[in-house]
Amino acid sequence: MLATMVVLNLVLAAQAPVDLAAGTWGSAVAMPGQRSHGYLPVPGGEGDVPPLPVTVIRGAKPGPVVAVVAGVHGAEYVPILTLQRLAGRLTPEAMRGTVVLVHIANVPAFQKRTVYYGPSDWKNLNRVFPGAATGSPTERIAHVLTQEVFARADAVMDVHAGDGNEALFPYVTYFGHAPDPKVAERSRAMALAFGAPLVKPLWPDFSTPPTYSTATAVARGVPAIDVEWGGEARFPPADITRTEAGLLRVLQQLGVLAGAAPAPGKPRFVTGSESVMSPVHGLFTLDVKPGQRVKAGARLGEIRDAFGRTLAVPVAPFDGMVIYAVSTPPVSPGEPLVSLGQVADKAPTRPPEKLPRAPAVMLNHLYVVLPQDAFEALRSLDFLSRDFARVDTGLPDFKAPEASAQALYVRGQDTYVELLGPGNTFKEPVGKVGVGLSVEQEGGLSRLVTPMRMALGGAPGQERTTWTFEGKGKVPWYDVLYRKSSTPDADLSLWVSEYVPGFFQALYPDRAWDAHDVGRRAFLGPLFQPERLLRNVERVSLELSPERTATFIRELVALGYQQSAPPGDVFVLQGGGVQWHVREAARPRGLLEVGFSLTRVKNGPLVYEPGPGAKLEFSKDRPEARWVTGLP
Ligand SMILES: [Zn+2]
């Protein structure tokens with residue numbers, strides 16, 4: 001007996017000591033050939049973050065450490081349920097190396113059923129990597145994953161689905177490039193082994209620290225893929241089975257599981273993609289399905305307000321395939337509605353070309369027709385043309401206004417205001433407002449036809465406006481798109497224009513001109529007087545009829561403006577260097593107020609009262625002013 005024990009001790013001593021730490025993640029401790037469940041704590045910081053449930057499955061033989069993470073987004077249930085199943089399916093005796101399953105990375109989001117964001121700090125876990133040890137709860141989770149999971153892994157799989165509000169076509173991502181090219185190549189091999197029908201290479205900018213989970217792993221030299229399968233808070237058994245089968249194939253490919261890595265199937269590859277964002281708060285109905293092919297300009301859905309009025313009709317920016325889409329009503333400005341991909345049979349070898357963007361649509365000028373007394377009061381306010389801005393009577397000579405003038409052009413650097421009297425030559429009625437927008441990018445106007453058609457429910461009118469110069473005849477001035485309507489716009493006209501650069505050559509024959517410059521400064525540059533106060537119009541407050549409020553919002557949204565305050569009696573839109581405040585009224589007053597940016601803070605008097613109810617008021621400490629029109 002004694003002899004036997006001595007022999008046994010000698011045998012044990014001859015073996016390499018078991019490295020317990022190598023099988024330890026939090027309270028999960030696995031010896032070779034063992035499986036262990038436990039919790040990985042999230043220490044530090046304010047607020048209590050529950051520990052992450054982990055399973056460590058340690059193969060009998062040494063091999064790579066593979067981390068598989070689910071629940072970075074707490075309402076993505078297919079990944080979470082797949083890992084639950086995988087934890088029981090993997091047999092340590094048959095494995096090489098170690099598999100670490102992080103079952104629910106974002107426990108707070110899972111418990112509180114939030115999509116995208118953690119419930120206590122409203123941060124997206126997959127946008128805050130590498131996290132911070134003393135940061136907010138979501139940042140601390142990212143820190144634990146980075147330091148204790150990714151840093152100890154030889155490969156990472158971050159398993160997602162469409163979030164609780166998203167329908168999704170299954171795909172796997174890999175890194176088309178990486179600081180270490182071998183890491184990119186290995187992530188690609190993992191992605192192909194998974195066997196998803198769609199594979200999307202990612203080309204992140206590694207010159208700054210990435211904020212996504214897998215890019216963070218790759219930046220640290222660990223090959224990684226994202227898996228996306230399932231969505232809409234559902235968990236059909238078929239999705240779980242397919243996800244599990246894919247993960248098992250990658251584990252084969254990595255040598256953790258026996259068996260030859262399967263030959264890659266014939267996936268399609270995403271060669272370029274773009275998310276169409278919501279411009280407004282509202283209720284979205286989706287018209288397309290994941291996997292569906294759509295043509296450029298195709299309607300993707302419709303966003304309505306709480307009362308059912310259409311706010312926006314998003315369209316496909318290019319021919320492509322719907323990868324994922326928001327399939328439940330709530331949408332907010334700046335959040336994705338539909339992710340559209342360009343798809344090919346061959347893997348791209350280079351990052352995609354930048355997809356063409358819709359041109360920025362800027363405020364060009366604003367006109368308003370004032371009652372005679374209000375117009376006369378402004379015309380005779382010396383301060384206006386002496387100190388406030390250059391004021392003239394327009395083309396072609398930009399003369400100073402005489403007593404009989406019925407039009408005053410108040411010029412800023414990029415924008416101007418056109419004040420019209422009741423006897424204006426355009427025969428516009430008192431109270432009428434005009435909003436002239438323009439593109440700064442040559443050829444940009446043509447790209448707005450489809451969005452305007454979708455927003456207005458009919459093709460916009462298109463025209464070219466000319467100016468007749470003495471001795472030169474008619475010269476093209478600008479092209480314009482406008483809403484065609486059976487009833488004329490009684491209270492507000494809106495149009496978008498693009499200058500014809502040759503016009504500036506005719507207008508300013510002594511100045512150098514650029515045949516491609518359609519910008520506002522090509523027109524206003526020679527007129528702007530920087531020593532005066534006005535720089536630009538930066539805010540416009542309007543009161544319109546209910547019908548015109550609805551179409552005005554739709555037009556601005558179609559032109560790229562975004563709602564910038566929660567829904568309420570005043571609809572606030574931001575874009576093109578200007579903020580719009582729009583409210584509806586049965587008897588609308590039109591233009592209520594214009595806010596200006598100034599070249600400097602004004603000294604001296606801060607309030608002028610030109611005419612009945614009107615007020616020109618200056619901030620005492622900011623280069624800002626506002627004109628309250630006082631219109632009845
Ligand atoms: Zn996700």
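A cavity is a set of grid points where a 1.4 Å probe fits but cannot get out, and its lining residues have an atom within 4 Å of such a point. The structure described here is a predicted model.

**Cavities and pocket**

The structure contains three cavities of 30 Å³ or more. The second largest is lined by Tyr116, Asn165, Ser278, Val326, Pro330, Val331, Ser332, Glu335, Pro336 and Leu337. Strands β18 (330-331) and β19 each contribute at least two residues to the lining of the second largest cavity.

The largest cavity is enclosed by Leu378, Leu384, Phe388, Val410, Val417, Leu419, Phe596, Leu616 and Trp627. Two elements, α9 (382-388) and β23 (416-420), give two or more residues to this lining.

The table sets out the volumes and the lining classes of these two cavities and of the largest pocket.

| Space | Volume | Lining by class |
|---|---|---|
| Largest pocket | about 1500 Å³ | 21 nonpolar, 14 polar, 13 charged residues |
| Largest cavity | about 80 Å³ | nine nonpolar, no polar, no charged residues |
| Second largest cavity | about 40 Å³ | six nonpolar, three polar, one charged residues |

For the largest pocket, the lining comprises 48 residues, and Lys200, Leu202, Tyr212, Ser273 and Ser275 lie nearest its centre. The elements that supply two or more residues to this lining are β8 (166-168), β9 (171-175), β10 (198-202), α6 (213-219), β11 (224-228), β12 (268-277) and β19 (336-344). Strand β12 provides the largest share of the pocket lining, with seven residues. Domain 1 (22-253) and domain 2 (268-344) each contribute at least three residues to the lining of the largest pocket.

**Nonpolar cores**

The largest nonpolar core consists of 79 residues, and Phe388, Leu437, Trp580, Phe596 and Trp627 have the most contacts inside it. Strand β28 (residues 534-544) gives the largest share of this core, namely five residues. At least three residues of this core come from each of domain 2 (268-344) and domain 3 (361-628). A second, separate core of 73 residues includes Ala30, Val149, Ala191 and Val222.

Leu437 serves as an example from the largest core. Not counting residues up to four places away in sequence, Leu437 touches Val361, Met362, Leu363, Asn364, Leu494, Trp495, Val496, Ser497, Leu556, Leu559, Tyr561 and Trp580.

**Helix α10**

Helix α10 (residues 449-456) is mostly covered, with six of its eight residues buried. These buried residues are Val449, Pro451, Met452, Met454, Ala455 and Leu456. They pack against β25 (461-469), β26 (473-482), β27 (492-499) and α13 (546-558). Just after α10, Gly457 adopts a positive phi of about 75°.

**Phenylalanine 523**

Phe523 is located in helix α12 (residues 520-524). Phe523 counts as buried because its relative accessibility is 3%, and the cut-off for buried is under 20%. Leaving aside residues up to four places away in sequence, Phe523 touches Leu395, Phe398, Arg411, Tyr416, Tyr499, Phe503, Phe504, Leu507 and Tyr508. Phe523 and Pro501 are 22 residues apart along the chain, and their C-alpha atoms are separated by 9.3 Å.

Note on methods: Residues are numbered from 1 along each chain as its sequence is written. This is a predicted model: local features need pLDDT of at least 70, side-chain atom pairs count only at pLDDT 80 or more; totals for chains, interfaces and linings use all residues. Side-chain values use heavy atoms; hydrogens and water are left out. On a 1 Å grid over the protein atoms alone, a cavity is a set of points where a 1.4 Å probe fits but cannot get out, and a pocket is an open set with protein on both sides within 12 Å along at least five of seven lines; lining residues have an atom within 4 Å of a point. Grid points are joined across faces, edges and corners, and a volume is the space filled by probe spheres set on the points. Helices (H or I, at least four residues) and strands (E, at least two) are DSSP runs, numbered from the N terminus. Ala, Val, Leu, Ile, Met, Phe, Trp, Tyr, Cys and Pro count as nonpolar, Asp, Glu, Lys and Arg as charged, and the others, Gly among them, as polar. Domain bounds come from an automatic or database domain assignment. Buried means under 20% relative accessible area, exposed over 50%, partly exposed in between (1.4 Å probe, protein chains only). Contact means heavy atoms within 4.5 Å. A nonpolar core is a set of buried Ala, Val, Leu, Ile, Met, Phe, Trp, Tyr and Cys residues joined through side-chain atoms within 4.5 Å.
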